[in-house]
Amino acid sequence: MNQSRAVVLAAQVAVGAAFVTIWQTLVSLKILDPFFVSRPSDIAARIAQWSASGTLWAHLATTLEESLLGLLVGAILGVSLGFLLARSPFLARVLDPYIKMLNAVPRVVLAPLFLLWFGLGIWSKVALAVTLVFFVMFFNTYQGVRDASRVLIDNVRMLGATERQLVRHVLVPSALTWIFSSLQTSLGFAMVGAVVGEYLGATRGLGYVIAQAEGTFDTTGVFAGMTVLGIVVVIVSAVVSRFERWLLKWKT
Amino acid sequence: MNALEIERVSRDFTTPAGRPYRAIDEISLAVGAGSFVAIVGPSGCGKSTLLNVVAGLLPPSSGRVRVAGETLTGLNRHATYMFQQDALLPWKTVRDNVALGLTLAGAARADAQSRADAWLDRVGLADFASHYPAQLSGGMRKRTAMAQNWILDRGIVLMDEPFSALDVHTRQRMESELLAIWEGRSAESLALHAGAPGARAFQASETSAGRKTVVFVTHDLEEAIALADEVVILSAGPAARVVAQHHVALARPRDLMELRTTPEFVDLYRRIWAVLRQEVIKSQQDAEARR
């Protein structure tokens, strides 16, 4: 088990190293033009420079703050509505087409509206993240409550549960397993929402950095921003899956 | 005194195709307090439907169920129900699952847990109190479910093919433990496994007068005879009826390891099987005709 994990990790590092080496070599051999694709050594240097000057951390903090707020608000709204509709089939049927319609709206077209409504600051980005997180959380909660096993419900009722106890001991935990399993996706979506929002209009954040670099044809800056974003997502995912495993430890 | 009276109970359903379907038809049955009644019938004969009506999970279409003399409305608060499928809450530990009924009734946590621990001792799961159901074997989960049911000390225990998913040997052991618990003996007194120290305290703490009424649904006639005082045979569905009722006069406590080969058992089995056999054949013919 441990050995296979080490093997996987080694292979993962090898894939990354190979990709970077080939990239670097192709640029050095002038097969690829650094104006279009930059080069790994420049990108690393740029990240180091940002990191040293502190700008990286400020932008990163903004993006993470927006993402987490988006996740929080989206989760609260999505879970609440999911619960409400799962417990009220009539309301669920009435609202069904509207929810599908709203979910089909491409979020990018909402960004200018949110900029107009909430301004250039973090809240327009939070709003964009919310529109993405909300639906993931809503669908999972709805499904989780609806899917709560009939036998578990009957058993708990026979053991004397009131409606409220039924919600607390069966429906909420049952939905939570679905919600936690969607935490990874939700967090990814929250970051996408934040970065896209920043990209389309902001004064801070990783999306803003990337947009600025693109505006001056600074491909190194664009790739540096993308790389930072990618690394952050991997780290955050690892933390979330730790957390998830702890919360769902009864699943073993 | 009857713990349960089932009076001309019928239950109709609508099939997915929209046709009416009568699962059970005017079933009448009286279950004496403290007796162990097994309801046997071919698959799909409505045994579970009958049990759900008695539990109050399903209202009868006509007829009524009387519990301790009173007509049942809503859930049967004199009964607990052990389901065929696993019904333990997967996110609660074994101890919390056993204590659940007490917790729901508002018992103090410490009290509920210590009583749950006593029951876990009794079913030989003291060492698994902090495990989650997913970490237990099938037999252990059934023992936990038995403790979860019995801890509430309601007068009636309804059981819907509780052991049917287990392998033959585990199943026989669960049957023995069920009888031990029902008779108020500790499961350890059957010398089936090394006894946990706390288990002794339970021995002979309940007299036969304090026994619970058990309604045990199964499709396995052997299991029914081995466990019950009365075996009730239902006809093949739809519109299942009671076709026969046999008294099982085998002495208790019964040694289930040996019982099945005794002449009395074999004789009784032959007589009841003669009736059940026809219903099984009919249900199989119906199943094939539908295909």
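**Exercise 1. How many residues lie between E1(B) and E2(B) in their hairpin, and which residue in the turn has a positive phi?**

Step 1: E1(B) and E2(B) make a hairpin with five residues between them. Helices (H or I, at least four residues) and strands (E, at least two) are DSSP runs, numbered from the N terminus.

Step 2: look in the turn, and you'll find Gly18(B) with a positive phi of about 95°.

Step 3: now the pairing. Strand E1 (residues 2-14) and strand E2 (residues 20-32) of chain B run antiparallel, with nine bridges joining them. Two strands pair if DSSP finds at least two bridges between them. Across the hairpin, Asp12(B) sits opposite Arg22(B) in E2(B).

A word on the model before going on. This is a predicted model, where local features need pLDDT of at least 70, side-chain atom pairs count only at pLDDT 80 or more, and totals for chains, interfaces and linings use all residues. Residues are numbered from 1 along each chain as its sequence is written, while chains are lettered from A and ligands numbered from 1 in the order in which they are written.

**Exercise 2. Which strands stand at the edges of the open sheet in chain B?**

Step 1: write down the order, which is E2-E1-E4-E5 (chain B), an open sheet of four strands with antiparallel pairing.

Step 2: read off the ends. E2 and strand E5 (70-71) of chain B are the edge strands; each has a single partner strand, so one side of each has no neighbour in the sheet.

**Exercise 3. Work out whether H4(B) is mostly covered or not, and what covers its buried residues.**

Step 1: check the length. Helix H4 (residues 138-150) of chain B has 13 residues, so at 1.5 Å a residue it should span 18 Å, and its end C-alpha atoms are indeed 18 Å apart. The expected span is 1.5 Å times one less than the number of residues.

Step 2: count the buried residues. A residue is buried if 20 or more other C-beta atoms lie within 10 Å of its own, exposed if 12 or fewer, and partly exposed in between, with C-beta atoms placed from the backbone. By that count 10 of the 13 residues of H4(B) are buried, so the helix is mostly covered. Among them are Arg141(B), Lys142(B), Met146(B) and Trp150(B).

Step 3: find the cover. It includes strand E6 (79-82), helix H2 (94-104), helix H3 (109-122), strand E7 (156-160) and helix H5 (168-182) of chain B.

**Exercise 4. Which residues of H6(A) are buried, and why do they line one face of the helix?**

Step 1: the buried residues of H6(A) are Leu110(A), Ala111(A) and Phe114(A).

Step 2: look down the axis. These buried residues fall within an arc of 120°, so they line one face of H6(A); the arc is that of the directions from the helix axis to the C-beta atoms.

Step 3: turn to the other side, where Val109(A), Pro112(A), Leu113(A) and Leu116(A) are exposed.

Step 4: helix H7 (122-146) and helix H10 (183-200) of chain A are among what covers the buried residues. Just after H6(A), Gly119(A) takes a positive phi of about 85°.

**Exercise 5. Is Ser67(A) buried or exposed, and which residues does Ser67(A) touch?**

Step 1: place Ser67(A) in helix H4 (residues 55-87) of chain A.

Step 2: count neighbours. Ser67(A) has 28 other C-beta atoms within 10 Å, so this residue is buried.

Step 3: list the contacts (C-beta atoms, placed from the backbone, within 7 Å). Leaving out residues up to four places away in sequence, Ser67(A) touches Ala129(A), Ala190(A), Met191(A) and Ala194(A). The C-alpha atoms of Ser67(A) and Val192(A) are separated by 8.3 Å, though the two are 125 residues apart along the chain.

**Exercise 6. How many residues does each chain put into the contact, and which helix of chain A gives the most?**

Step 1: chain A contributes 16 residues and chain B contributes 19 residues.

Step 2: on the chain A side, helix H8 (150-158) and helix H9 (163-181) each supply at least two residues. H8(A) gives the most, with six residues.

Step 3: sort the chain A side by type, and you get eight nonpolar, five polar and three charged residues. Here Ala, Val, Leu, Ile, Met, Phe, Trp, Tyr, Cys and Pro count as nonpolar, Asp, Glu, Lys and Arg as charged, and the others, Gly among them, as polar.

Conventions:
Two residues are in contact if their C-beta atoms, placed from the backbone, lie within 7 Å.
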